[in-house]
Amino acid sequence: MAVEVLRTADGREKTAISRKHAATWFSARKSGAQLPIGNCTPPDRPARPAQPELLDPRDVPRRRPGTPQGRAAILHAIAHIELNAVDLHWDLVARFPEIDMPVGFFDDWVKAADEESKHFNLICDCLEQLNSHYGAMAAHAGMWRAAEDTAHDILGRLAVVPMVLEARGLDVTPGMIQIFKQAREDKTVDALEVIYAEEVGHVAYGSKWFNFLCGRQGLDPQPVFLDLVRRYFHSPLKPPFNEEKRAQAGLPPDFYWPLTEPA
Ligand SMILES: [Fe+2]
Ligand SMILES: [Fe+2]
(Lines give C-alpha, C1' and ligand atoms only; values in the text may rest on other atoms or scores of the structure.)
(Ligands and ions follow the chains in the order given, each with its own letter.)
Protein backbone atom coordinates (compact mmCIF):
# COMPACT_ATOMS: atom_id res chain seq x y z
CA MET A 1 0.00 0.00 0.00
CA ALA A 2 2.83 2.41 0.88
CA VAL A 3 4.68 1.69 -2.34
CA GLU A 4 1.54 2.17 -4.41
CA VAL A 5 1.16 5.67 -2.93
CA LEU A 6 4.84 6.42 -3.57
CA ARG A 7 4.53 5.30 -7.20
CA THR A 8 1.47 7.48 -7.93
CA ALA A 9 2.44 10.82 -9.51
CA ASP A 10 -0.68 13.02 -9.48
CA GLY A 11 -1.25 14.80 -6.16
CA ARG A 12 -5.03 14.40 -5.92
CA GLU A 13 -4.70 10.77 -7.01
CA LYS A 14 -1.78 10.04 -4.66
CA THR A 15 -3.66 11.47 -1.69
CA ALA A 16 -6.89 9.63 -2.60
CA ILE A 17 -5.02 6.30 -2.64
CA SER A 18 -3.23 7.27 0.57
CA ARG A 19 -6.54 7.97 2.35
CA LYS A 20 -8.12 4.80 1.01
CA HIS A 21 -5.21 2.65 2.26
CA ALA A 22 -5.20 4.39 5.64
CA ALA A 23 -8.92 3.65 6.02
CA THR A 24 -8.30 -0.01 5.11
CA TRP A 25 -5.46 -0.25 7.65
CA PHE A 26 -7.50 1.24 10.47
CA SER A 27 -10.69 -0.68 9.76
CA ALA A 28 -8.67 -3.92 9.89
CA ARG A 29 -7.07 -2.80 13.17
CA LYS A 30 -10.50 -1.99 14.64
CA SER A 31 -11.90 -5.36 13.67
CA GLY A 32 -8.96 -7.01 15.43
CA ALA A 33 -7.54 -8.41 12.18
CA GLN A 34 -4.28 -6.57 11.67
CA LEU A 35 -2.99 -6.51 8.08
CA PRO A 36 0.41 -8.16 7.59
CA ILE A 37 3.27 -5.64 7.44
CA GLY A 38 4.83 -7.18 4.32
CA ASN A 39 8.06 -6.28 2.59
CA CYS A 40 8.21 -4.25 -0.62
CA THR A 41 11.03 -2.00 -1.82
CA PRO A 42 9.99 1.65 -2.04
CA PRO A 43 11.30 3.67 -5.01
CA ASP A 44 14.43 5.81 -4.40
CA ARG A 45 12.30 8.83 -5.25
CA PRO A 46 8.50 9.03 -5.21
CA ALA A 47 6.61 9.62 -8.45
CA ARG A 48 5.71 13.30 -8.93
CA PRO A 49 3.55 15.13 -11.47
CA ALA A 50 5.11 16.85 -14.50
CA GLN A 51 4.12 20.18 -12.91
CA PRO A 52 5.22 21.99 -10.76
CA GLU A 53 8.63 22.63 -12.19
CA LEU A 54 11.18 21.97 -9.42
CA LEU A 55 13.82 24.68 -8.96
CA ASP A 56 16.72 25.30 -6.65
CA PRO A 57 15.28 27.18 -3.64
CA ARG A 58 17.34 30.28 -4.60
CA ASP A 59 15.53 30.44 -7.95
CA VAL A 60 11.96 30.15 -6.58
CA PRO A 61 10.40 33.66 -6.78
CA ARG A 62 9.90 35.46 -3.44
CA ARG A 63 6.41 35.63 -1.97
CA ARG A 64 4.85 38.92 -0.92
CA PRO A 65 2.02 38.19 1.50
CA GLY A 66 0.36 41.60 0.87
CA THR A 67 -1.06 40.52 -2.50
CA PRO A 68 -3.45 37.70 -3.52
CA GLN A 69 -0.73 36.36 -5.85
CA GLY A 70 1.73 36.37 -2.96
CA ARG A 71 -0.70 34.48 -0.76
CA ALA A 72 -1.33 31.98 -3.57
CA ALA A 73 2.44 31.47 -3.75
CA ILE A 74 2.56 30.75 -0.01
CA LEU A 75 -0.27 28.22 -0.39
CA HIS A 76 1.50 26.64 -3.34
CA ALA A 77 4.64 26.18 -1.24
CA ILE A 78 2.59 24.63 1.59
CA ALA A 79 0.84 22.24 -0.82
CA HIS A 80 4.26 21.15 -2.06
CA ILE A 81 5.41 20.49 1.53
CA GLU A 82 2.24 18.53 2.33
CA LEU A 83 2.57 16.34 -0.78
CA ASN A 84 6.18 15.64 0.12
CA ALA A 85 5.09 14.79 3.66
CA VAL A 86 2.58 12.21 2.36
CA ASP A 87 5.46 10.47 0.62
CA LEU A 88 7.82 10.84 3.59
CA HIS A 89 5.41 9.08 5.95
CA TRP A 90 4.60 6.21 3.59
CA ASP A 91 8.31 5.88 2.86
CA LEU A 92 8.97 5.52 6.59
CA VAL A 93 6.34 2.76 6.71
CA ALA A 94 8.04 0.80 3.91
CA ARG A 95 11.73 1.75 4.12
CA PHE A 96 13.04 -0.25 7.08
CA PRO A 97 11.45 -3.73 6.93
CA GLU A 98 14.49 -5.32 8.61
CA ILE A 99 13.80 -3.36 11.80
CA ASP A 100 11.15 -5.05 13.90
CA MET A 101 8.75 -2.36 15.11
CA PRO A 102 5.58 -2.62 17.22
CA VAL A 103 2.33 -2.25 15.31
CA GLY A 104 1.83 1.17 16.93
CA PHE A 105 4.70 2.49 14.80
CA PHE A 106 2.69 1.71 11.66
CA ASP A 107 -0.51 3.09 13.18
CA ASP A 108 1.21 6.40 13.84
CA TRP A 109 2.78 6.86 10.41
CA VAL A 110 -0.29 5.69 8.51
CA LYS A 111 -2.33 8.22 10.51
CA ALA A 112 0.26 10.94 9.81
CA ALA A 113 0.25 10.09 6.08
CA ASP A 114 -3.55 10.23 6.06
CA GLU A 115 -3.51 13.65 7.73
CA GLU A 116 -0.91 15.00 5.27
CA SER A 117 -3.16 13.80 2.44
CA LYS A 118 -6.05 15.73 3.95
CA HIS A 119 -3.77 18.80 4.37
CA PHE A 120 -2.72 18.68 0.71
CA ASN A 121 -6.33 18.60 -0.42
CA LEU A 122 -7.42 21.38 1.96
CA ILE A 123 -4.63 23.65 0.69
CA CYS A 124 -5.32 22.75 -2.95
CA ASP A 125 -8.98 23.71 -2.42
CA CYS A 126 -7.85 27.11 -1.05
CA LEU A 127 -5.45 27.58 -3.99
CA GLU A 128 -8.21 26.79 -6.45
CA GLN A 129 -10.42 29.37 -4.78
CA LEU A 130 -7.70 31.90 -5.64
CA ASN A 131 -7.89 30.73 -9.28
CA SER A 132 -4.62 28.85 -9.01
CA HIS A 133 -3.74 25.18 -8.55
CA TYR A 134 -0.90 22.92 -7.44
CA GLY A 135 1.51 22.85 -10.37
CA ALA A 136 0.82 26.44 -11.48
CA MET A 137 4.09 27.77 -9.99
CA ALA A 138 7.62 26.53 -9.50
CA ALA A 139 8.40 24.66 -6.28
CA HIS A 140 11.49 23.76 -4.29
CA ALA A 141 13.62 20.92 -5.58
CA GLY A 142 15.57 18.93 -3.04
CA MET A 143 12.74 18.22 -0.60
CA TRP A 144 13.49 14.51 -0.89
CA ARG A 145 17.11 14.99 0.13
CA ALA A 146 16.47 14.30 3.83
CA ALA A 147 14.85 11.00 2.86
CA GLU A 148 17.71 9.99 0.59
CA ASP A 149 20.36 10.92 3.13
CA THR A 150 18.67 8.80 5.81
CA ALA A 151 17.47 5.88 3.67
CA HIS A 152 19.68 3.49 5.68
CA ASP A 153 19.34 5.07 9.11
CA ILE A 154 15.95 5.01 10.81
CA LEU A 155 17.16 7.06 13.78
CA GLY A 156 18.53 9.68 11.39
CA ARG A 157 15.23 9.69 9.49
CA LEU A 158 13.20 10.24 12.66
CA ALA A 159 15.60 12.93 13.86
CA VAL A 160 15.61 14.95 10.64
CA VAL A 161 12.09 14.53 9.26
CA PRO A 162 9.55 14.72 12.10
CA MET A 163 11.81 16.14 14.82
CA VAL A 164 13.54 18.88 12.76
CA LEU A 165 11.54 19.57 9.57
CA GLU A 166 8.03 19.05 10.93
CA ALA A 167 8.94 20.78 14.21
CA ARG A 168 9.95 23.78 12.09
CA GLY A 169 6.39 23.80 10.79
CA LEU A 170 5.18 24.37 14.35
CA ASP A 171 7.45 27.43 14.57
CA VAL A 172 6.26 29.10 11.35
CA THR A 173 2.57 28.18 11.07
CA PRO A 174 1.22 30.78 13.55
CA GLY A 175 2.78 33.54 11.39
CA MET A 176 1.10 32.10 8.28
CA ILE A 177 -2.26 31.95 10.06
CA GLN A 178 -1.81 35.65 10.91
CA ILE A 179 -1.20 36.55 7.25
CA PHE A 180 -4.44 34.88 6.13
CA LYS A 181 -6.41 36.30 9.08
CA GLN A 182 -5.36 39.79 8.06
CA ALA A 183 -6.44 39.06 4.49
CA ARG A 184 -9.78 37.73 5.83
CA GLU A 185 -9.33 34.48 3.96
CA ASP A 186 -11.27 32.42 6.47
CA LYS A 187 -11.24 29.14 4.57
CA THR A 188 -7.44 29.21 4.50
CA VAL A 189 -7.26 30.17 8.18
CA ASP A 190 -9.43 27.14 9.00
CA ALA A 191 -7.24 24.85 6.89
CA LEU A 192 -4.06 26.13 8.52
CA GLU A 193 -5.58 25.68 12.00
CA VAL A 194 -6.27 22.02 11.19
CA ILE A 195 -2.72 21.58 9.93
CA TYR A 196 -1.24 23.33 12.98
CA ALA A 197 -3.18 21.12 15.41
CA GLU A 198 -2.35 17.86 13.64
CA GLU A 199 1.33 18.57 13.03
CA VAL A 200 1.98 18.50 16.78
CA GLY A 201 1.06 14.82 16.61
CA HIS A 202 3.55 14.11 13.83
CA VAL A 203 6.43 15.63 15.78
CA ALA A 204 5.28 13.66 18.82
CA TYR A 205 5.33 10.39 16.85
CA GLY A 206 8.89 11.19 15.79
CA SER A 207 9.95 11.86 19.35
CA LYS A 208 8.12 8.77 20.65
CA TRP A 209 9.76 6.33 18.23
CA PHE A 210 13.16 8.00 18.39
CA ASN A 211 13.12 7.53 22.17
CA PHE A 212 11.79 4.00 21.80
CA LEU A 213 14.63 2.97 19.49
CA CYS A 214 17.29 4.66 21.64
CA GLY A 215 15.89 2.92 24.72
CA ARG A 216 15.92 -0.45 22.99
CA GLN A 217 19.58 0.06 22.09
CA GLY A 218 20.55 1.49 25.49
CA LEU A 219 21.45 4.88 23.96
CA ASP A 220 21.10 8.31 25.56
CA PRO A 221 18.67 10.04 23.13
CA GLN A 222 19.86 13.65 23.42
CA PRO A 223 23.53 13.34 22.32
CA VAL A 224 22.53 10.78 19.67
CA PHE A 225 19.93 13.22 18.33
CA LEU A 226 22.36 16.15 18.16
CA ASP A 227 24.92 13.99 16.40
CA LEU A 228 22.42 12.73 13.78
CA VAL A 229 21.02 16.16 13.03
CA ARG A 230 24.54 17.53 12.54
CA ARG A 231 25.32 14.63 10.22
CA TYR A 232 22.20 14.74 8.07
CA PHE A 233 20.81 18.27 8.32
CA HIS A 234 23.20 20.67 6.76
CA SER A 235 22.43 23.97 8.43
CA PRO A 236 21.93 25.36 11.94
CA LEU A 237 18.36 25.49 13.27
CA LYS A 238 16.71 28.91 13.18
CA PRO A 239 15.06 30.43 16.25
CA PRO A 240 12.55 31.64 17.33
CA PHE A 241 11.18 28.25 18.36
CA ASN A 242 7.61 27.44 19.35
CA GLU A 243 8.73 26.12 22.72
CA GLU A 244 5.21 25.40 23.94
CA LYS A 245 4.17 23.25 20.96
CA ARG A 246 7.59 21.61 20.80
CA ALA A 247 7.24 20.65 24.47
CA GLN A 248 3.75 19.33 23.79
CA ALA A 249 5.29 17.16 21.05
CA GLY A 250 7.95 15.78 23.38
CA LEU A 251 10.85 17.92 22.12
CA PRO A 252 12.74 19.45 25.06
CA PRO A 253 14.87 22.60 24.57
CA ASP A 254 18.16 20.70 24.78
CA PHE A 255 17.13 18.95 21.54
CA TYR A 256 17.21 22.17 19.51
CA TRP A 257 19.00 25.09 21.19
CA PRO A 258 22.45 23.43 20.86
CA LEU A 259 21.77 23.05 17.11
CA THR A 260 21.42 26.81 16.51
CA GLU A 261 25.23 27.02 16.53
CA PRO A 262 27.21 25.80 13.54
CA ALA A 263 28.84 22.47 14.59
FE1 LIG B 1 0.85 18.39 7.08
FE1 LIG C 1 3.23 16.45 9.25
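The following exercises, with worked solutions, concern helices and selected residues of a predicted model.

**Exercise 1. Determine whether the length of helix H2 agrees with the expected span, and establish how its buried residues are arranged.**

Solution. Helix H2 comprises the 20 residues 11–30. At 1.5 Å a residue these should span 28 Å, and the end C-alpha atoms are 28 Å apart, so the two values agree. Next, list the buried residues of H2: Gly11, Lys14, Thr15, Ile17, Ser18, His21, Ala22 and Trp25. Around the axis they cover an arc of only 160°, and therefore they lie on the same side of H2. The face turned away from this buried side carries the exposed residues Ala23, Ser27 and Lys30. The packing partners of the buried residues are helix H1 (2–6), H3 and H4. Finally, H2 is followed by Gly32, which has a positive phi near 85°.

**Exercise 2. Describe the packing of helix H3 against helix H4.**

Solution. Take first the geometry of the pair: H3 (residues 68–95) and H4 (residues 103–129) pack at an angle of about 160°, and their axes are 8 Å apart. Because angles over 145 degrees count as roughly antiparallel, H3 is roughly antiparallel to H4. The crossing of H3 past H4 is left-handed.

**Exercise 3. Classify Pro68 and Asp171 as buried, partly exposed or exposed, and place each in its helix.**

Solution. Pro68 belongs to helix H3. It has 12 other C-beta atoms within 10 Å, and a residue with 12 or fewer is exposed, so Pro68 is exposed. Pro68 is 57 residues from Gly11 in sequence, and their C-alpha atoms are 23 Å apart in space.

Asp171 belongs to helix H6. It has 18 C-beta neighbours inside 10 Å and therefore counts as partly exposed. Leaving aside residues up to four places away in sequence, Asp171 touches Pro240, Phe241 and Asn242. The C-alpha atoms of Asp171 and Lys245 are separated by 8.3 Å, although these residues are 74 apart along the chain.

**Exercise 4. Identify the buried face of helix H8 and name helices that help to cover it.**

Solution. Begin with the dimensions: H8 (residues 221–232) has twelve residues and reaches 16 Å from its first C-alpha to its last, close to the 16 Å expected at 1.5 Å a residue. Its buried residues are Phe225, Leu228 and Val229. Seen down the axis of H8, these fall within an arc of 100°, so they line one face of the helix. The cover over these buried residues includes helix H6 (154–182) and helix H7 (186–216).

Terms used:
Residues are numbered from 1 along each chain as its sequence is written. Chains are lettered from A and ligands numbered from 1 in the order in which they are written. This is a predicted model: local features need pLDDT of at least 70, side-chain atom pairs count only at pLDDT 80 or more; totals for chains, interfaces and linings use all residues. Helices (H or I, at least four residues) and strands (E, at least two) are DSSP runs, numbered from the N terminus. The expected span of a helix is 1.5 Å times one less than its number of residues. A residue is buried if 20 or more other C-beta atoms lie within 10 Å of its own, exposed if 12 or fewer, and partly exposed in between; C-beta atoms are placed from the backbone. The arc is that of the directions from the helix axis to the C-beta atoms. Two residues are in contact if their C-beta atoms, placed from the backbone, lie within 7 Å. Axes are lines fitted to C-alpha atoms, for helices over the stretch in contact, and angles run from 0 to 180 degrees between N-to-C directions. Angles under 35 degrees count as roughly parallel, over 145 as roughly antiparallel, 65 to 115 as roughly perpendicular and the rest as oblique. A crossing is left-handed if the near helix is turned anticlockwise from the far one by less than a right angle, and right-handed if clockwise.
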